[in-house]
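Hi there,

Here is the structure I promised to pass on. Have a look at it first, and then read on for my notes.

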Amino acid sequence: METIKPQENQNIFDVSIQEYGSIEKVFDLLDDNDRFNLTEDLSVYEDLKIGREAFKKDIVEYYNTRNLKPATAITEEEQYLLDNFSGIDYMIIEDDFIIY
């Protein structure tokens with residue numbers, strides 16, 4: 001079984017897609033690393049065990065050939081901005097406020 005280090009802002013679903021090509025393998029990933037749960041943030045300093053067969057090999061190959069690492073977790077700064085500076089008061093016409 002191999003180990004990888006999660007990248008910054010990666011969650012368990014991102015790692016599952018990166019390594020197995022689908023979020024359907026997220027429970028196998030959790031099982032192999034029994035200290036994790038779905039809502040726990042991943043640390044870039046802790047290794048994750050991987051090694052099961054990819055569920056969708058074409059998706060894994062797509063990410064590997066382009067050296068893509070999905071990282072969709074929201075940072076504390078992004079959460080703060082969303083909580084405090086969102087809505088129509090902070091929209092810019094023709095940028096994020098478009099009328100068709």
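Let me start with Ser 22, which counts as buried because its relative accessibility is 8%, below the 20% limit for that class. Please keep in mind throughout that this is a predicted model. Ser 22 sits in the loop between helix 1 and helix 2. A polar atom of the Ser 22 side chain lies 2.9 Å from the backbone nitrogen of Glu 24. If you leave aside neighbours within four places in sequence, Ser 22 is in contact with Ser 16, Ile 17, Phe 55 and Lys 56.

Going back along the chain from there brings us to helix 1, which spans residues 12-20. How many of its nine residues are buried? Seven are, so the helix is mostly covered. Those buried residues are Ile 12, Asp 14, Val 15, Ser 16, Gln 18, Glu 19 and Tyr 20. The cover over them includes strand 1 (2-4), helix 2 (26-32), strand 2 (48-50) and helix 3 (57-65).

Both ends of helix 1 have something to show. At the N-terminal end, Asn 11 acts as a cap, with a side-chain oxygen 3.0 Å from the backbone nitrogen of Phe 13. After the helix comes Gly 21, whose phi is positive, near 80°.

Some of the helix 1 residues turn up again in the largest nonpolar core, which has 10 residues in all: Ile 4, Ile 12, Val 15, Tyr 20, Val 26, Leu 29, Leu 30, Leu 42, Leu 48 and Ile 50. Helix 1, helix 2 and strand 2 each supply at least two residues of this core.

Helix 2 also holds a charged residue that you may want to look at, Asp 32. Is Asp 32 buried or exposed? Asp 32 is buried, because its relative accessibility is 13% and the class covers values under 20%. Not counting residues up to four places away in sequence, Asp 32 touches Met 1, Tyr 20, Lys 49 and Arg 52.

Next, the pocket. The largest one has a volume of about 250 Å³. Thirteen residues line this pocket, and the closest to its centre are Asn 9, Asp 41, Ala 73, Ile 74 and Thr 75. By type, the lining divides into four nonpolar, six polar and three charged residues.

Two backbone angles caught my eye as well. Most residues other than glycine have a negative phi. Asn 67, in the loop between helix 3 and helix 4, has a positive phi near 50°. Glu 94, in the segment after helix 4, has a positive phi near 75°. Are these two residues buried or exposed? Asn 67 counts as exposed at 60% relative accessibility, and Glu 94 is exposed with a relative accessible area of 60%.

Last comes Glu 76, which belongs to helix 4 (residues 76-84). With a relative accessible area of 73%, Glu 76 is exposed, because that class takes in values over 50%. How far apart are Glu 76 and Glu 8 in space? Their C-alpha atoms are 12 Å apart, although 68 residues separate them in sequence.

That is what I have for now. Happy to talk any of it through.

Best wishes

Methods
Residues numbered from 1 in each chain as written. Predicted model: local features only at pLDDT ≥ 70, side-chain atom pairs only at ≥ 80, totals over all residues. Heavy atoms only, no water. Buried < 20%, exposed > 50% of the residue type's maximum accessible area, 1.4 Å probe, protein only. Helix = DSSP H or I, 4+ residues; strand = E, 2+ residues; numbered from the N terminus. Contact = heavy atoms within 4.5 Å. Polar contact = N/O pair within 3.5 Å; in protein donor to acceptor, adjacent residues only side chain to side chain. Core = buried A, V, L, I, M, F, W, Y, C linked by side-chain atoms within 4.5 Å. 1 Å grid on protein atoms, 1.4 Å probe; cavity = no way out; pocket = protein on both sides within 12 Å on 5 of 7 lines; lining within 4 Å. Points joined across faces, edges and corners; volume = space filled by probe spheres on them. Nonpolar A, V, L, I, M, F, W, Y, C, P; charged D, E, K, R; others polar.
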